[in-house]
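This report addresses a request for a short account of a protein model, with attention to one residue environment and to the cysteines.

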Amino acid sequence: MVRNGHGGGKDMLCIKNGTVHDGVHREGFQADILVEDGKIKAIGEKLEIPGDAEVVDAAGLQVYPGFVEAHGHIGLDGSGIGYEGMDYNELNDIISPQMRGIDGVKPLDPALPKAAAAGVTCVCVGPGSANVLGGTFTTIKTVGRRVDDMVVQDGVAMKCAFGENPKRVYRDKKDSSRMTTAALLRETLFKAREYMEKKEAAGDDVSKRPAFDMKLEALLPVMRREIPLKAHAHATEDLFTALRIAREFDLKITLEHVTEGHLIVEELVEENVPLAVGPTLGSASKFELRNKSWTTPGVLAAAGCQVSIITDSPVIPQEYLPLCAGLAVQAGMDPFAALQAITINPAKHAGIADRVGSLEAGKDADIVVTDGCPFEVSTKVRHVFIDGKAVDVPVE
């Protein structure tokens, strides 16, 4: 996938006369956006436009950052091809931190162009929640033929899971209670810490290093606080267990799903960790989802938490991410907080806010142009640009 330029010249684009909602300032403003070689070069009124620039007149239209998903599995499950295409869980080993989401992504999954056409330009994808430790997530753009060329940043977080999913999948093999799940995670983290300490003590003396262990090696970025644990947890007890274990080992952590977060708002405010809330559309398909509510993201955001709204695609199709934000607004969420929950907050959540999530000079030119508020089902996406390149948007 080519992102920057054609031949020896610079690739220029100007989106002019639109109402810009940059994801940083609450109010929209009239401005032009100048793009050069896939990056936003300038945002302002009456910018000087190079003669060879492609010009998109957005008069009467709304301009947004590309929407960002903080937690999903698009590309790893294989849209429309059944169980054989599901590559998001390792079902033979409950502890599998050595797995890498990037190795399971199918760039030609039909779900990806649907997401891109809806304005979802960047997604954080990786293993599911069958395993206590499932492997690393990667962040990718939603266009491309080769995943290596789609990556924004690989290995951004290490998936771990609490609650009913690991118990259900491994009930007859390894895990039949929440206590077991926590014990298995602790045991592995103890081993990883010891492995790290031995490697550090050995220094350059190869003879003193511990025997190579791929699982423990994969956990070193977590133990060194370079990446967080990405903790699947719906129920209050699981949210607190995830936080307790992270504190015991002095680890970074993000909380994923947070279905009962509205029941423990004060505690989550005090913990001050990133929260990815959802998927909320659909029925409560298991006991730990019985308190699922569209009020959750708004209540947490109003209290001061960093909230991202997620589809957990394909649980909710990826293209409905803006709709999910709209349903949260309908349930009382502040509209600007909802916009940030699908732009800058998930970018922060995934550690890639220097690249995506807002319209600012120097960032990737991931831009969505609509004829109205993207939260409304009647709104149509008119243009999508990823790294400054136009994405095919169906004309109705």
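The text below treats a threonine and its surroundings, then the question of disulfides.

The model is predicted.

**Threonine 236**

T236 belongs to helix α6, which covers residues 236–248. Its relative accessible area is 18%, so T236 is classed as buried, the cut-off being under 20%. When neighbours within four places in sequence are set aside, the contacts of T236 are with E260, L263 and I264. The side chain of T236 also makes a polar contact of 3.3 Å with the side chain of E237. As for a residue further along the chain, I316 lies 80 residues from T236 in sequence, and the two C-alpha atoms are 23 Å apart.

**Cysteines and disulfides**

How many disulfides does a search of the whole structure find? The search returns zero. C122 takes part in no disulfide, and the cysteine sulfur nearest to that of C122 belongs to C124, at 8.1 Å. Likewise, C124 is in no disulfide, and its nearest cysteine sulfur is that of C122, 8.1 Å away. A disulfide requires the sulfur atoms to be within 2.5 Å, and the separation of 8.1 Å between C122 and C124 therefore does not qualify.

Both cysteines can also be described by their accessibility: C122 is buried, at 0%, and C124 is buried as well, at 1%.

The relative accessibilities of the three residues discussed are tabulated here.

| Residue | Relative accessibility |
|---|---|
| T236 | 18% |
| C122 | 0% |
| C124 | 1% |

Methods: Residues numbered from 1 in each chain as written. Predicted model: local features only at pLDDT ≥ 70, side-chain atom pairs only at ≥ 80, totals over all residues. Heavy atoms only, no water. Helix = DSSP H or I, 4+ residues; strand = E, 2+ residues; numbered from the N terminus. Buried < 20%, exposed > 50% of the residue type's maximum accessible area, 1.4 Å probe, protein only. Contact = heavy atoms within 4.5 Å. Polar contact = N/O pair within 3.5 Å; in protein donor to acceptor, adjacent residues only side chain to side chain.
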